[in-house]
Amino acid sequence: MTVTPRRIKKLESRSFKTESGIEIKIPAELCSSDDAVEFIHSATGGLSLLIKDVLV
């Protein structure tokens with residue numbers, strides 16, 4: 001099986017887009033780290049994303 005460079009690039013990060021058009025891209029290795037991001041599931045089926053230690 002051959003993996004194209006475009007496919008590799010796509011797997012390097014996760015992309016989330018809100019209904020209002022805000023798009024957030026997070027490197028894949030950070031998505032699995034509880035120290036960097038936290039996904040909070042609500043009882044209504046929604047999902048909140050908590051991004052930790054952001055420098056601006």
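**View 1. V3, a partly exposed residue.** V3 is partly exposed, because its relative accessible area of 43% falls between the 20% limit for buried and the 50% limit for exposed. Everything shown here comes from a predicted model. Look for V3 in the segment before helix α1, which covers residues 5-11. Now find L47: it sits 44 residues away from V3 along the chain, and 31 Å separate the two C-alpha atoms.

**View 2. The hairpin of β1 and β2.** Here strand β1, residues 13-17, pairs with strand β2, residues 23-27. The pairing is antiparallel and has five bridges. To follow one of these bridges, start at S15 and cross to its partner K25 in β2. The two strands form a hairpin, with five residues between them. While you are in the turn, pause at G21, whose phi is positive, at about 100°.

**View 3. The largest nonpolar core.** Five residues make up this core: F16, I26, C31, A36 and V37. You have already met the strands that hold two of these numbers: β1 spans 13-17 and β2 spans 23-27. Stay with A36 for a moment and look at what it touches beyond its neighbours within four places in sequence. Those contacts of A36 are L30, L50, I51 and K52.

**View 4. A nonpolar patch on the surface.** I51, V54 and V56 together make a nonpolar surface patch of about 340 Å². I51 may look familiar, as it is also one of the residues in contact with A36. V56 belongs to the segment after strand β4, which runs over residues 47-51.

Key
Residues are numbered from 1 along each chain as its sequence is written. This is a predicted model: local features need pLDDT of at least 70, side-chain atom pairs count only at pLDDT 80 or more; totals for chains, interfaces and linings use all residues. Side-chain values use heavy atoms; hydrogens and water are left out. Two strands pair if DSSP finds at least two bridges between them. Helices (H or I, at least four residues) and strands (E, at least two) are DSSP runs, numbered from the N terminus. A nonpolar core is a set of buried Ala, Val, Leu, Ile, Met, Phe, Trp, Tyr and Cys residues joined through side-chain atoms within 4.5 Å. Buried means under 20% relative accessible area, exposed over 50%, partly exposed in between (1.4 Å probe, protein chains only). Contact means heavy atoms within 4.5 Å. Patches are made of residues with over 30% relative accessible area and no salt bridge: like charges are joined within 9 Å, nonpolar side chains (Val, Leu, Ile, Met, Phe, Trp, Tyr) within 5 Å. Accessible areas come from the Shrake-Rupley method with a 1.4 Å probe; for residues, only the protein chains shown count as cover. A salt bridge is a side-chain nitrogen of Lys or Arg within 4 Å of a carboxyl oxygen of Asp or Glu.
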